[in-house]
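Biologist: Could you zoom in on one part of this chain for me and walk me through it slowly? I'm new to this, so please explain the terms as you go.

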Amino acid sequence: MKLGKLDGNSNLRRLNEIIKVLSKYEFGYITEKINLKNKIPFKSHSYQYESIEELDATIPLRLRLVLQELGTTYIKLGQALSTRPDLIGDDISNEFSKMQDDNPPVAYETIKSVLETELGDSLDNIFLEFNKEPLGSASIGQVHSAVLKNRNKVAVKIQKPGVDVLIKEDISIMRFLAKRIDNYIPQFRNYNFPGIVDEFERSILKEIDYNQEAMNITRFDYNFKEDETVYVPAVYKEYSTSKVLTMELIEGKKVADVINTDEGFDKPLIAKRGVESFFKQVLIHGFFHADPHPANIYVLDDNIICFLDYGMMGILDKEFRENLAELIIYFMENSVKGMINQLIYMGIINESIDIKSFKYELTDLMYRYYGIGLNEMHGGMNDLISLMRKYKIHLPREFVLLARGIGMLEDTGLNLDPSFNPVETFKPMALKVIQKRISPLGFMDFVKDNLFEVEHLIKTLPRSVSKTLYRLEEGKISIEIEHKDLERISNKVSTALIIAALLIGSSLIMQTDKGILILGFPFLGIIGFIISMILGLNLVLSILRHREL
């Protein structure tokens, strides 16, 4: 069986380094199991653990030490996996969340060279001032404060040289190792290591492209342009590239520091605004900050919230947001049946799992929280994710990122205000999303969203019928037709076409502002929708009655 090859001496050297680090932390048995022990010259067989079954409770700690010693790419992998307890389990996830990304800064001369190459000009011509000492240094880049020629204070994030090449090489080795583990160690196949590497690659390649982060900030700013409680830093695109990001310097106070001070801040208001803004991102915008820990949220004057670090964002489409709102309403209402039906409807669970056992354990989980104040339900969503992982239910990445974000903000909110109750903010917003979905306006949005699809169907239907009839006349199609109820069927098809035409016509009328208006909408358009609804209901009832017979 061919499991892929590693090209280049640098990749082979790096592979040997990885194998030595694995052996150092007592994972040598795994390298032997995937047939790589011969990659370490003169290495004798000396493992404390002789089989995977013997690996003990120290695994999470030793895995974290392995990743930290291997450097940038593996630290980022650990941080990404810390957000996926559904994949790796709570113990490893919690241990990986301790992984630090602080690194020694790169020398100023190196940073200066990168900046001048990327921006195509000397620092003196771009900046009035540039602080040689970084504000912070991580594995991928470091941030310096500066002042532009127009005297605006900025924070400049510069990618460290060679990081992109190193990451791509490491991902190549990760993919090689993941395939071997998947093929040689059946016990690990449930983890789907090749899939984890693919997901990580997509995530980190976005993170090292600072143009993507600049676009994220711009979109986030647009979403909150009408909200005075949230501030979004300006991006200076003329001084930004894929490896340099220049943005407004935020001089507020980290929420992490606000928690420990009593001076000049309205902590309950900050907690409320932080959670409210996050739920808006999730339910209204469908574009949310996926790492809202206290160090990434600043508080400005008048208790205004400002999110920083837009490298990792979650995206939810409209349908998923509506379904998610319903799911969490069921969760907060303690409705096990509703939750299971909703998870099935969302395609997250299916008949391949033991639904009866899952329902029993979910009921047990919900009763654990039954009767207590919802503001004390800390950990409920994490327990739900752990239960799903037990039943090998594959969760969408955004679902897990969302649960993690809610957990972070719940912790922050409770630290700011012990009486904080996020449900008081979330539940009304979720109900509003659901109400809009089932309202006449929601129905109109559905029609608009599907207008072109219906139009295309109506345009292509006559052509398809004509082609079919032509093939029948030519004798190229042989079919048997039972004439029973043919007239009834043709009537229903005609009714369906009339309904489609009425919906399209009414939708077009709704785009105008002429004629008699009711609540700002054309009277004729509203009448058209009402007639379509009556005809549609009549058609559905007719079909159901026929099935019952």
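Modeller: Let's start with I534, which you'll find in helix 22 (residues 523-548). Helices (H or I, at least four residues) and strands (E, at least two) are DSSP runs, numbered from the N terminus. Before we go on: this is a predicted model, where local features need pLDDT of at least 70 and side-chain atom pairs count only at pLDDT 80 or more, while totals for chains, interfaces and linings use all residues. Residues are numbered from 1 along each chain as its sequence is written, and side-chain values use heavy atoms, with hydrogens and water left out.

Back to I534: with a relative accessible area of 52%, it is exposed. Here, exposed means over 50% relative accessible area, buried means under 20%, and partly exposed is in between (1.4 Å probe, protein chains only). I534 joins I527, I530 and I531 in a nonpolar patch on the surface, and together they have about 310 Å² of accessible area. The areas come from the Shrake-Rupley method with a 1.4 Å probe, and for residues only the protein chains shown count as cover. A patch is made of residues with over 30% relative accessible area and no salt bridge; like charges are joined within 9 Å, and nonpolar side chains (Val, Leu, Ile, Met, Phe, Trp, Tyr) within 5 Å. A salt bridge, by the way, is a side-chain nitrogen of Lys or Arg within 4 Å of a carboxyl oxygen of Asp or Glu.

Now for some strands. Strand 3 (residues 141-148) is mostly covered, with seven of its eight residues buried. Two strands pair if DSSP finds at least two bridges between them. Strand 3 pairs with strand 1 (residues 127-130) in the antiparallel sense over three bridges, and there F130 faces A146. Strand 2 (residues 136-137) also runs antiparallel to strand 3, with two bridges; S137 sits opposite Q142, and a hairpin through three residues connects strand 2 to strand 3.

Next comes strand 4 (residues 153-159), joined to strand 3 by seven antiparallel bridges. Look for S145 opposite A155, and for V147 with K153 as its bridge partner. Four residues lie between strand 3 and strand 4 in their hairpin, and R151 in the turn has a positive phi of about 75°. Strand 4 is mostly covered too, since six of its seven residues are buried. Five antiparallel bridges then join strand 4 to strand 6 (residues 244-248), with I158 opposite V244.

Strand 4 also holds K157, whose charged end sits over the ring of Y210, 5.0 Å from its centre. That label needs NZ of Lys or CZ of Arg within 6 Å of the ring centre and within 35 degrees of the ring normal. R219 lies over the face of F287 as well, at 4.2 Å from the ring centre.

Rings can also meet each other: eight aromatic pairs turn up across the whole structure. One of them is F220 with F307, edge-to-face at 5.8 Å centre to centre and 65° between the planes. F220 lies in helix 11 (residues 210-223) and F307 in strand 10 (residues 305-307), so this pair ties together parts 87 residues apart in sequence. Rings of Phe, Tyr and Trp (its six-membered ring) pair if their centres lie within 6.5 Å; planes under 30 degrees apart are stacked, over 60 edge-to-face, the rest tilted. F220 is buried, at 0%, and ring pairs link F220, F224, F307 and Y310 into a cluster.
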